[in-house]
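Biologist: I have a protein model open and would like to learn how to read it. Could you walk me through it, one feature at a time?

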Amino acid sequence: MKFNSKRGWRRMLAIATAAALTVGVLSGCGSSSSTADTTSDTTTADSTTSAASDTESTGSVIEITLWHAMSGTNGEAVDYLVEQFNESQSEIHVTAEYQGTYDDSKTKFGAAVQSGDVPDILQMYEVGTQYMIDLDCYVPVQDFMDANGYDENIIEAVSNYYTYDGKMLSMPFNTSTPVLWINKDICAEAGLDVDNPPTTFAEVLEWSKVIVDGGYCEAGFAAAVYGWYFEQMIAGLGLNYGNNDNGRTSRMTEVEFDSNGALNQVLTTWKEWMDSGYCASYGTTTADTQTAFKAGQVAMILESSGCLGSFMEDCAFEVGNANFPKIEENDDGGVIIGGASMWMIDTGDEERENAAYQFLAYCSQAEQQAYWSTATGYLPVNADAVDTETFSSYAEETPLALTAVNQLLNNPVNTATQGCLTGVSSEAGYIFQDGLEDLINGKKSIEEAEADITDRINAAIEDYNANNG
């Protein structure tokens, strides 16, 4: 399938080539990504990277192809949605093709852009949003939503992330948020009120002191050294990560977390945890922190809401969760979503593009989102899904599922919680992790770590913009 000729091919090829090289560099650091949103295995059938031969119209049936990065149980849920859509009507047939991890899929899509053979729909993780904007090879889903009178109740905090300059560019699909996970047995034994968990990190530290001083656990709290939490803590302050409204009104050219004091507060908070003796650090691999929590070595951790299934299955104690804590109480702070969305690729074929939209609209309906959420542990992106019998029954059996849903439904909607839009999100996360580890290990002071993180991320933004602006 070929791109619409109105698009700038030289620009797309240059960006795709640069992105492929960047992914190659970053994929070696993939172990630091949250397992709930960014990992996939190879148990699914081999993918087919050539989409063109599968997306030709056959008679009256319009054939379209979806590239996705969901494996295992999540991949099976994608296949089920595709099967149900195909059976629900006779005009469109969707073929789903697993492409590997998000980074794998991004690399393959870059190659597909260069060859001209692309899928009709591409699942792209949230930090790839600026990449897709710069690649300029998509059709904004908002255009089709407006033309078709779309009236599904997408949660505003979710649609907000994928909105640029007032228009939603892609259809939200798999969504999660970070939460505080709690070993309720340990905390209750320590005399803490597990029905009123901490809402600030100062309270988390107070709980940790009670737990450790009382000999109930070797560590009260832990958080993986992970760039996603850095962004979440900034959003929790109600402050922007970068200039130009977090890159939402025009391209981000430099960070703002240095001048607004957010980075200093994050580093100071993290150092207080480690200096207290009541908190632990298990490094940059989130799975190591999860393992320590499951083993009862630490009473509270930060992790994705997507860990619900594994914690319920693997923990021998009663698990609890709570909203992601804030550095300080405020009304503007909240969380930023993680996960991915579905992009409609500009093929120049209106019939096929409309078919792609019909499938995405179907997947966003309340019943489909209720199924997706209960099957995978991701949050429903449609607010009405919460009221379906499917989700209500699930929530009755698994009330912990409601914590992240309610956190999202009550999330303030502003540029802070919209999240930063930049082409160096992944690289910036690794830069923060480097600086934080230097601080934790005593190699740098707060001021030195702050300057290093700021300078390196600004340099990465400048370089990216010079090549893609």
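Modeller: Happy to; we will go from the overall fold to single side chains. Please keep in mind that this is a predicted model.

Biologist: Let's begin with the whole chain. How many helices and strands does the protein have?

Modeller: The protein has 21 helices and 13 strands. Of its 469 residues, 58% count as buried. The accessible surface comes to about 17,600 Å², and carbon and sulfur atoms hold 44% of that surface.

Biologist: And what share of the contacts joins residues 24 or more positions apart?

Modeller: Among contacts with a separation of 6 or more, 78% are between residues 24 or more positions apart. Met145 gives you a case to look at. This residue is found in helix H6, residues 141-147. Met145 and Met171 are 26 residues apart in sequence, while their C-alpha atoms are 9.9 Å apart in space. Setting aside neighbours within four places in sequence, Met145 is in contact with Tyr150, Met168, Met171 and Tyr357.

Biologist: Is Met145 buried or exposed?

Modeller: Met145 has a relative accessible area of 9%. Buried means under 20%, so Met145 counts as buried.

Biologist: Now the charged side chains. How many salt bridges does the structure hold?

Modeller: There are 10 salt bridges in the structure. Start with Lys271 and Asp275, whose side chains meet at 2.7 Å, N to O. Both residues lie in helix H12, residues 262-276. They are four residues apart, about one turn of the helix.

Biologist: How accessible are the two partners, Lys271 and Asp275?

Modeller: Lys271 is at 30% relative accessibility and counts as partly exposed. Asp275 is at 55%, which makes this residue exposed.

Biologist: Where else should I look for a bridge with four-residue spacing?

Modeller: Try helix H21, residues 446-468, where Arg456 and Asp452 lie four residues apart. Their salt bridge has an N to O distance of 3.8 Å. A salt bridge is counted within 4 Å, so this pair qualifies. Both partners are partly exposed, Arg456 at 34% and Asp452 at 22%.

Biologist: Which residues are linked with Asp452 and Arg456 in a network of salt bridges?

Modeller: Asp434 is the further member: Asp434, Asp452 and Arg456 form a network of salt bridges.

Biologist: Can you show me a bridge that has a buried partner?

Modeller: Look at Arg352 and Asp349, which meet at 2.5 Å, N to O. Arg352 is buried, with a relative accessible area of 7%, whereas Asp349 is partly exposed at 24%.

Biologist: On to the rings. What describes a pair of aromatic rings?

Modeller: Two values do: the distance of the centres and the angle of the planes. In this model there are 27 aromatic pairs. Trp228 and Tyr229 form a tilted one, with 6.1 Å from centre to centre and 35° between the planes. Trp228 and Tyr229 are both buried.

Biologist: What would a pair between two helices look like?

Modeller: Phe293 and Phe311 will serve us well: their ring centres are 5.1 Å apart and their planes are at 55°, so this pair is tilted. Phe293 lies in helix H13 (residues 286-294) and Phe311 in helix H14 (residues 308-314), so the pair ties together parts that are 18 residues apart in sequence. Phe293 is buried, with a relative accessible area of 0%, and Phe311 is buried at 0% as well.

Biologist: Which residues do ring pairs link into a cluster?

Modeller: The cluster includes Phe201, Trp228, Tyr229, Trp270 and Phe432.

Biologist: Where does a charge sit over a ring?

Modeller: The charged end of Lys106 sits over the ring of Tyr131, 4.6 Å from its centre. Another example is Arg248, which lies over the face of Tyr161 at 5.0 Å from the ring centre.

Biologist: Last topic, the cysteines. How many disulfides are there?

Modeller: The count is zero disulfides. For Cys307, the nearest cysteine sulfur is that of Cys315, 9.7 Å away. Disulfide sulfurs must lie within 2.5 Å, so Cys307 is in no disulfide. Cys307 is buried at 4% relative accessibility, and Cys420 is buried, also at 4%.

How values were computed. Residues numbered from 1 in each chain as written. Predicted model: local features only at pLDDT ≥ 70, side-chain atom pairs only at ≥ 80, totals over all residues. Heavy atoms only, no water. Buried < 20%, exposed > 50% of the residue type's maximum accessible area, 1.4 Å probe, protein only. Phe/Tyr/Trp six-rings, centres within 6.5 Å; stacked < 30°, edge-to-face > 60°. Lys NZ or Arg CZ within 6 Å of the ring centre and 35° of its normal. Contact = heavy atoms within 4.5 Å. Areas by Shrake-Rupley, 256 points an atom, 1.4 Å probe, with all protein chains shown as cover.
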